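Hi,

Here is the structure I promised to pass on. Have a look at it first, and then read on for what I found.

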Amino acid sequence: PHPLRQQGPRATPNAHRRLDQPASAEAQSQSLISTTGCLIIVDTFRHLTFAAGLTAAVLFAPAASHASVVTATLSALYFKVAASGDPDFSVSTTPNVLAGSSLGPNGFPVASTPYGVNDVDATTHELTWWSPTLNSHVIATGTGTIVLPYSSNMYAPDSTGSNDNSFYETAYFVGDFTLGTSAVVSFTLGSDDDSFIYVDGNLIGQNPGVHAVSTVSFSSPTLTAGAHEVKVFYDDRQHTGASLSLNLTSTGVIITPTGVPEPASMAILGAGLAALGAARRKRR
């Protein structure tokens with residue numbers, strides 16, 4: 001017999017693969033990618049469903065069960081000012097910031113005449129103690145977050161120093177919160193030296209001037225349901241100490257730091273969609 005006939009029937013490009021014949025490496029790879037992408041999507045939505053259920057449980061649980069829970073985290077921006085050189089530091093002065101006044105166009109407290117201090121922008125009348133742009137004596141040192149209740153010495157850099165012999169620290173803190181219904185939100189604020197607290201850009205309380213630690217309580221006007229912002233300013237301007245304490249005393253309010261990244265669950269969903277998209281592109 002012809003030697004080629006001993007090899008059996010010649011395979012053709014259109015011949016069907018037997019059911020017990022192993023799939024090619026490329027087919028196995030495509031199947032694995034597709035299956036993996038689907039599994040990731042399923043697992044992602046399982047996580048999201050759990051997260052949604054957990055959120056609903058928190059939101060709709062009886063208020064009494066959360067009576068003692070206060071959850072608040074604010075983003076922090078820190079600065080320093082040399083102990084000599086700026087006319088408002090290493091002196092004892094008090095800025096004239098009117099009750100109920102609003103933040104200026106650059107987002108800083110506005111002083112009214114007589115200003116009581118020197119570092120006031122000529123155009124907007126804003127205090128410039130937190131702005132390297134508006135005040136050349138101010139130097140940005142870092143960012144971070146604080147969790148309420150908060151109480152700390154305030155020594156540069158970023159509240160990690162041990163004294164204010166060479167530099168004074170200034171800082172401000174920002175957070176967002178959402179109300180389901182109209183409500184009043186209350187805080188306690190203590191400082192050495194100046195401090196100011198704003199809700200939705202309007203001053204609700206202050207501890208202005210160079211002074212020893214002084215702690216007071218403040219409440220916002222009745223706020224409407226929806227999104228709101230709290231912003232707290234602090235500065236140390238004299239060598240007699242430096243501290244800040246801040247607490248949210250209203251219950252049922254959750255404050256989150258401004259500019260936080262997307263929740264991890266959304267990152268998981270993104271990974272699943274990316275894997276599925278890659279599988280589809282490979283098939284093409």
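In what sense do strand 5 and strand 10 pair, and over how many bridges? They run antiparallel, and six bridges join residues 186-192 to residues 243-248. One of the facing pairs there is Leu189, which sits opposite Leu246 of strand 10. Before you go further, please keep in mind that this is a predicted model.

Now the overall picture. The protein chain has 284 residues, and 37% of them are buried. It holds two helices and eleven strands, and the order along the sequence is α-β-β-β-β-β-β-β-β-β-β-β-α. If you count contacts with a separation of 6 or more, 73% of them join residues 24 or more positions apart. The accessible surface is about 15,600 Å², and carbon and sulfur atoms account for 58% of that.

Back to the strands I opened with. Strands 5 and 10 belong to an open sheet of four strands, ordered 3-10-5-8 and paired antiparallel. Strand 3 (150-153) and strand 8 are its edges, each pairing on one side only. On average, neighbouring strands in this sheet are turned by 10° against each other, direction ignored. As a reminder, strands in a sheet pair through backbone hydrogen bonds, which can be parallel or antiparallel.

Strand 3 deserves a look of its own. Four bridges connect it to strand 10, again in the antiparallel sense. Tyr150 and Ser152 make up its covered face, while Ser151 and Asn153 are on the uncovered one. Asn153 has Ser243 as its bridge partner in strand 10.

That brings us to Ser243, which is in strand 10. Is this residue buried or exposed? Its relative accessible area is 15%, so Ser243 is buried. Beyond its close sequence neighbours (up to four places away), Ser243 touches Ser152, Asn153, Met154, Gly190, Ser191, Asp192, Val213 and Tyr234. Asp192 is 51 residues away from Ser243 in sequence, yet their C-alpha atoms are 5.2 Å apart.

Asp192 also takes part in something you may want to find on screen: the peptide bond from Asp192 to Asp193 is cis, with omega near 25°. Asp193 is in the loop between strand 5 and strand 6. His211, from the loop between strand 7 (202-207) and strand 8 (214-219), touches Ser191, Asp192, Asp193 and Asp194, leaving out residues up to four places away in sequence. The His211 side chain also reaches two backbone oxygens: that of Asn207 at 3.0 Å and that of Gly209 at 3.4 Å. His211 counts as buried because its relative accessibility is 19%, under the 20% cut-off.

Next, the interior. In soluble globular proteins, nonpolar side chains tend to be buried together. Here the largest nonpolar core has 30 residues, and Phe173 and Phe187 have the most contacts inside it. Strand 1 (71-82), strand 4 (167-179), strand 5, strand 6 (195-199), strand 9 (226-235) and strand 10 each give at least two residues to this core. A second, separate core has 21 residues, including Ala83, Trp130, Val138 and Phe233. As for Phe173, the residues it touches more than four places away in sequence include Leu74, Tyr78, Ile146, Met154, Val230 and Leu244.

The loop between strand 1 and strand 2 (138-147) is where you will find Val120. Val120 counts as buried because its relative accessibility is 15%. Apart from neighbours within four places in sequence, Val120 is in contact with Ala111, Tyr115, His125, Glu126, Leu127 and Thr128. Pro95 is 25 residues from Val120 along the chain, with 9.4 Å between the C-alpha atoms. Pro114 lies in the loop between strand 1 and strand 2 as well, and the peptide bond leading to Pro114 from Thr113 is cis, with omega near -10°.

Last, two backbone oddities. Ser159 is not a glycine but has a positive phi of about 65°. This residue lies in the loop between strand 3 and strand 4, and Ser159 is buried, with a relative accessible area of 17%. Asp200, also not a glycine, has a positive phi of about 55°. Asp200 is in the loop between strand 6 and strand 7, and its relative accessible area of 36% makes it partly exposed.

Cheers

Methods. Residues are numbered from 1 along each chain as its sequence is written. This is a predicted model: local features need pLDDT of at least 70, side-chain atom pairs count only at pLDDT 80 or more; totals for chains, interfaces and linings use all residues. Side-chain values use heavy atoms; hydrogens and water are left out. Buried means under 20% relative accessible area, exposed over 50%, partly exposed in between (1.4 Å probe, protein chains only). A polar contact is a pair of N or O atoms within 3.5 Å; within protein, one must be able to donate a hydrogen and the other to accept it, and residues adjacent in sequence count only if both atoms are side-chain atoms. Contact means heavy atoms within 4.5 Å. Accessible areas come from the Shrake-Rupley method with a 1.4 Å probe; for residues, only the protein chains shown count as cover. Two strands pair if DSSP finds at least two bridges between them. Axes are lines fitted to C-alpha atoms, for helices over the stretch in contact, and angles run from 0 to 180 degrees between N-to-C directions. A nonpolar core is a set of buried Ala, Val, Leu, Ile, Met, Phe, Trp, Tyr and Cys residues joined through side-chain atoms within 4.5 Å.
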